[in-house]
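Me: I would like to learn how to read a model like this one, feature by feature. Can we start with the ligand and work outward?

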Amino acid sequence: MNEIMNTKKPVTAATLLHASQSNKKTVWITAYDASSSEIAETAGADVLLVGDSLGMVCLGFDSTIPVTLEQMIHHTAAVVRGRKRAWVVCDMPFGTYQQSPQQAFASCVRVLQQSGCDAVKIEGGEPMASTICFLADRGIAVVAHIGLTPQSVKKFGSYGKRGTDAAGRTQLIRDAQAVSEAGAVSVVLENIPADMAAEITRSVDIPTVGIGAGGNCDAQVLVFNDLVGLSASNPPFAPAYADARQLMSDAIARWSADVKSGRFPS
Ligand code: KIV
């Protein structure tokens, strides 16, 4: 159990800010159900992010775009039931917050009331700043997400690294500053050069959470299934720390053989 979780108190946005100001790294991981929530928190995760990666990891979609608000609420409520003290963040799915600050507020209210989570995450930098401000002014803890924003895959045409040319680097800095000034409590930096993530981490007051963004962020996040080796393939920046796929497959194959041979039940 890590230092932040080694206390009875629930993790809050203030806990995470305090950790980053004290140069203590925090650990975020995605979770999609009560079981992954309980396992991740017991193993030391401070934050459980119910990512809309749910769509690809659990629901069999080929992008995050088809994921609905109802699906996010359903899975986030399960993650909340599985946690004790970890901070639970629900990803707002595509189409539920981009239209207007009012649309975003109505969607976030549903998520917060029906799932019991602590915060919401929305993709987008400078163009989403007024929405983040609207939500933050109304008491909602918003995590921003900049760099590679998977909900925009149809616009960019790939999941490649962002911020690799001069214009992209300038925009990333503007995005980070805009979401921070708008009142986001934290910002996810996905698939950007490590030196950019380091510069952003130095220049904004809120904790940065890196995924494929080098080691100089305040926190790191990985997709649960990638981390434990359940995914069929991982992005280059996401190492598997175990081979859960093989372990599960071996268990099922051995049980199956035992059923067929009559060794199970014994
Ligand atoms: O949907 C997700 O899992 C995410 C993380 C990869 C940051 O947004």
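Me: What lies 3.2 Å from an oxygen atom of the ligand?
Reply: A polar side-chain atom of Asp91. Keep in mind that this is a predicted model. For a polar contact, look for a pair of N or O atoms within 3.5 Å. Asp91 passes that test at 3.2 Å. The side chain of Lys121 has an N or O atom 3.0 Å from an oxygen atom of the ligand. For Asp52, an N or O atom of the side chain is 3.1 Å from a ligand oxygen. The protein covers 95% of the 260 Å² of accessible area that the ligand has on its own.

Me: Which residues surround the ligand?
Reply: Thr30, Leu49, Gly51, Asp52, Ser53, Asp91, Lys121, His145, Val188 and Ile211. By class, the shell holds 3 nonpolar, 4 polar and 3 charged residues.

Me: Lys121 was in that list. Where does Lys121 point in strand 4, and what shares its side?
Reply: Read a strand as two faces. Ala119, Lys121 and Glu123 are on one side of strand 4, and Val120 and Ile122 are on the other. Both faces are covered. In total, 5 of the 5 residues of strand 4 are buried.

Me: How many bridges join strand 3 to strand 4?
Reply: There are 3, and the two strands run parallel. Strand 3 spans residues 87-91. One pair to find on screen is Cys90 with its bridge partner Val120 in strand 4.

Me: And on to strand 5: how many bridges join strand 4 to it?
Reply: The count is 4, again with parallel strands. Strand 4 covers residues 119-123. Ile122 has Ala144 as its bridge partner in strand 5.

Me: Are the residues of strand 5 buried or exposed?
Reply: Buried, 6 of 6, across residues 142-147. Split them by direction. Val142, Ala144 and Ile146 point one way. Val143, His145 and Gly147 point the other way. His145 is also one of the residues around the ligand.

Me: What does strand 6 pair with?
Reply: Strand 6, residues 186-190, is joined to strand 7 by 4 bridges, and the two run parallel. Leu189 has Gly210 as its bridge partner in strand 7. Strand 7 is residues 208-211. Thr208 and Gly210 lie on one side, Val209 and Ile211 on the other, and all are buried. Ile211 is also among the residues surrounding the ligand.

Me: Next, cysteines. How many disulfides does the structure hold?
Reply: First the idea: a disulfide is a covalent bond between the sulfur atoms of two cysteines. This structure holds 0. Take Cys117: its nearest cysteine sulfur, that of Cys90, is 5.2 Å away. The cut-off for a disulfide is 2.5 Å, so Cys117 is in none.

Me: Are Cys117, Cys217 and Cys58 buried or exposed?
Reply: Use the cut-off: under 20% relative accessible area is buried. Cys117 has 8%, so it is buried. Cys217 is at 2%, so it is buried as well. Cys58 is at 39%, so it counts as partly exposed. Cys58 sits in the loop between helix 3 (54-57) and helix 4 (69-82).

Me: Now the backbone. Which residues have a positive phi although they are not glycine?
Reply: Start with the background: most residues other than glycine have a negative phi. Asn23 is one to check, with a positive phi of about 60 degrees. Another is Asn191, at about 50 degrees.

Me: Where are those two, and is each one buried or exposed?
Reply: Asn23 lies in the loop between helix 1 (13-21) and strand 1 (26-30). Its relative accessibility is 73%, so Asn23 counts as exposed. Asn191 lies in the loop between strand 6 and helix 9 (194-203). With a relative accessible area of 8%, Asn191 is buried.

Me: Last one. Is the peptide bond from Phe264 to Pro265 cis or trans?
Reply: The general rule is that most peptide bonds are trans. The bond from Phe264 to Pro265 is cis, with omega near -5 degrees. To find Pro265, look in the segment after helix 11 (244-261).

Methods
Residues are numbered from 1 along each chain as its sequence is written. This is a predicted model: local features need pLDDT of at least 70, side-chain atom pairs count only at pLDDT 80 or more; totals for chains, interfaces and linings use all residues. Side-chain values use heavy atoms; hydrogens and water are left out. A residue is near a molecule or strand if one of its heavy atoms lies within 4 Å of it. A polar contact is a pair of N or O atoms within 3.5 Å; within protein, one must be able to donate a hydrogen and the other to accept it, and residues adjacent in sequence count only if both atoms are side-chain atoms. Accessible areas come from the Shrake-Rupley method with a 1.4 Å probe; for residues, only the protein chains shown count as cover. Ala, Val, Leu, Ile, Met, Phe, Trp, Tyr, Cys and Pro count as nonpolar, Asp, Glu, Lys and Arg as charged, and the others, Gly among them, as polar. Buried means under 20% relative accessible area, exposed over 50%, partly exposed in between (1.4 Å probe, protein chains only). Two strands pair if DSSP finds at least two bridges between them.
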